Amino acid sequence: MGKQSFYLTTPIYYVNDIPHIGHSYTTIAADVLARYRRLQQCDVFFLTGTDEHGQKIQKAAEVCSKTPHDFVNTVVDKFKDLWKHLNISNDDFIRTTDERHVRRVKNIFRKLFENGDIYPGEYEGRYCVPCETFWTETQLDEGRCPECKRSVEKVKEKNYFFKLSKYQTQLIEHYNKHPEFVQPESRRNEILQRITSHIEDISISRSAVTWGIQVPMDTTHTIYVWIDALLNYITALGYDDDMELFQKYWPANVHIIGKEILWFHGAIWPAILLSLNIALPLKIFTHGWWTIEGQKISKSLGNAIDPLNIIQLYGTDAYRYFLLREVPFGLDGNFSYSALITRINSDLGNDLGNLLQRTLTMIEKYFDAVIPEYSEEDDELKEASQLTQSKINHELENLQFSKALEVIWEFIGNANKFIEQKKPWTLAKTSEDRPQLKNVISSLAKAIKDISIFISPFMPDTCIEIQKQLGILENNESPCLEYHQSIKNGIIVKKGNPLFPRIEKEPDIPGKETIIPSKKQ
Ligand code: MSP
């Protein structure tokens, strides 16, 4: 039987500025899910990319006195570079300026037009450039954008409209038939309520914006950047001129997005797909927002607390761990250096790092560095390990990353307690306790190997480092990712440096104090 396919996506990010913690959060979460599904032998296609057209980017390029084209190329490299540093395992990276995307978007726009779902009209209202969103007067919040609270522009232009209202009933039906379509449930209820109460046709072209994909039937217009962007999820799969990947992977198993773009993904995107007669994605998971030391991420703050800085200071895996452990996926969270350092010192250093160090030390001391022979029957940690795996599966099925990590750390805690209870240092004193000592130590080695696999989607480098120190992985081999497989006889451990050395103080980052006046001591 063929492998089960699993298609997951991140939003494609605007390239008006360099990537910050928020962007890295979604991408890391998607990466963990992709790696987890690969562990489960799924045939995974993980897509991310960049959203490069529109007024916001046109303006950002002007400010830098660059052509939009040169400007986007520079910023895209920063995203790609960060994903490399963060160990992101995406299978494709789509740019909305890619020729393949532009060509396919034009074809799709024409299809929508031929289906009778696009018509010319006149738009009069407000437009928020940073959010690239049209707003009506009544939607404004004291005259400002209800989403980002910035000022909005008056827009009056001839536009093409998409018949969103035509799909209201079908959307409601879909939501009712598939309660899991949008998660968490609170967000699903919100958007369903909005779709049910009021839905209008939307403008999907701009005559005043030149940096975009031209409307195929009317070159005086460019396609509204959100329509251009949403289509990436199918153009990357070749829709509609090279359908192999599309047939294999569509519908997407999950679109992971931030909460502020749910309307586009939960109403406009499914309506476009309905118009094209394409199946809807199976799930849209909406996560919360990070603030930094209690403040909204702004350009200056984002630059001062650049993910690359954090990675340089503490390493990729500590950063990946922190973001997914600290806040339940779906809720808002606050980034602070003190919270990050606490997690590194306690969860990673004390719990995980020490478990490895003390076990390897005992193997060196009591068994000349050779892992003693393993006996499945005498493994007192085996059941707990199997239970941990099934709990992780349950949590990751629901994208509950922090809960999955809690479950893993519970097992790490059990293994540490097991050492305290069994007191191997006492067992080592007499020869009649030697068989028991062997069982305790080989069970621990096996538990650590299982832990390295449990954490591998979250901390891929740490998985490799643990397996190297355990001696089960040679330099350039890929890690062993087979759950519950016992360790071969005669393996010699190679104890190395502590995985996560203790961090004593917060970093001195130039400008941090002035940017973070509310910082707690
Ligand atoms: N280009 C659109 C998305 C088009 S998808 C077809 C866009 N881009 S964005 O650059 O603004 O990125 C938005 C996404 O970045 C959010 O949905 C979220 O995934 C992530 N985040 C940006 N800031 C964030 C936080 N402060 N916190 C958490 N994630 C946030 O919208």
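Tyr7 of strand E1 pairs with Phe45, its bridge partner in strand E2. The model is predicted. Two topics lead this briefing: the strands around E2 and the shell around the ligand. A separate open sheet of three strands, in the order E9-E11-E10, closes it.

**Strand E2 and its neighbours**

- E1 covers residues 5-14 and runs parallel to E2, with eight bridges joining the two.
- Strand E3, residues 92-95, is also parallel to E2, and four bridges join this pair.
- On the E3 side, Thr50 has Arg95 as its bridge partner.
- E1, helix H1 and E2 form a β-α-β unit, and the unit is right-handed.
- H1, the helix of that unit, spans residues 21-39.
- Why is E2 largely enclosed by the rest of the structure? Nine of its nine residues, 43-51, are buried, so the rest of the structure largely encloses the strand.
- Buried here means under 20% relative accessible area.
- As a general rule, strands of a sheet pair through backbone hydrogen bonds, either parallel or antiparallel.

**The ligand and its shell**

- Around the ligand there are 23 residues.
- Those that come nearest are Ile12, Thr26, Asp51, Gly258 and Trp290.
- By class, the shell holds twelve nonpolar, nine polar and two charged residues.
- Which element gives the most to the shell? E1 does, with four residues.
- E1, H1, helix H7 (225-230) and helix H8 (232-235) each supply at least two shell residues.
- E1 and H1 thus appear twice: in the β-α-β unit with E2, and among the elements that supply the shell.

**Polar contacts of the ligand**

- The side chain of Thr26 has an N or O atom 2.6 Å from a ligand oxygen.
- For Glu260, an N or O atom of the side chain lies 2.9 Å from an oxygen of the ligand.
- With Tyr14 the contact is to the backbone: a polar atom there is 3.0 Å from a ligand oxygen.
- How much of the ligand's accessible area does the protein cover? On its own the ligand has 660 Å², and the protein covers 94% of that.

**The sheet E9-E11-E10**

- This open sheet has three strands, with antiparallel pairing.
- Its edge strands are E9 (205-206) and E10 (214-215), each pairing on one side only.
- Strand E11 spans residues 218-223, and two bridges join it to E9.
- Ser205 has Ile223 of E11 as its bridge partner.

Note on methods. Residues are numbered from 1 along each chain as its sequence is written. This is a predicted model: local features need pLDDT of at least 70, side-chain atom pairs count only at pLDDT 80 or more; totals for chains, interfaces and linings use all residues. Side-chain values use heavy atoms; hydrogens and water are left out. Buried means under 20% relative accessible area, exposed over 50%, partly exposed in between (1.4 Å probe, protein chains only). Two strands pair if DSSP finds at least two bridges between them. A crossover is right-handed if, with the strands pointing away from the viewer, the path from the first strand over the helix to the second runs clockwise. A residue is near a molecule or strand if one of its heavy atoms lies within 4 Å of it. A polar contact is a pair of N or O atoms within 3.5 Å; within protein, one must be able to donate a hydrogen and the other to accept it, and residues adjacent in sequence count only if both atoms are side-chain atoms. Accessible areas come from the Shrake-Rupley method with a 1.4 Å probe; for residues, only the protein chains shown count as cover. Ala, Val, Leu, Ile, Met, Phe, Trp, Tyr, Cys and Pro count as nonpolar, Asp, Glu, Lys and Arg as charged, and the others, Gly among them, as polar.
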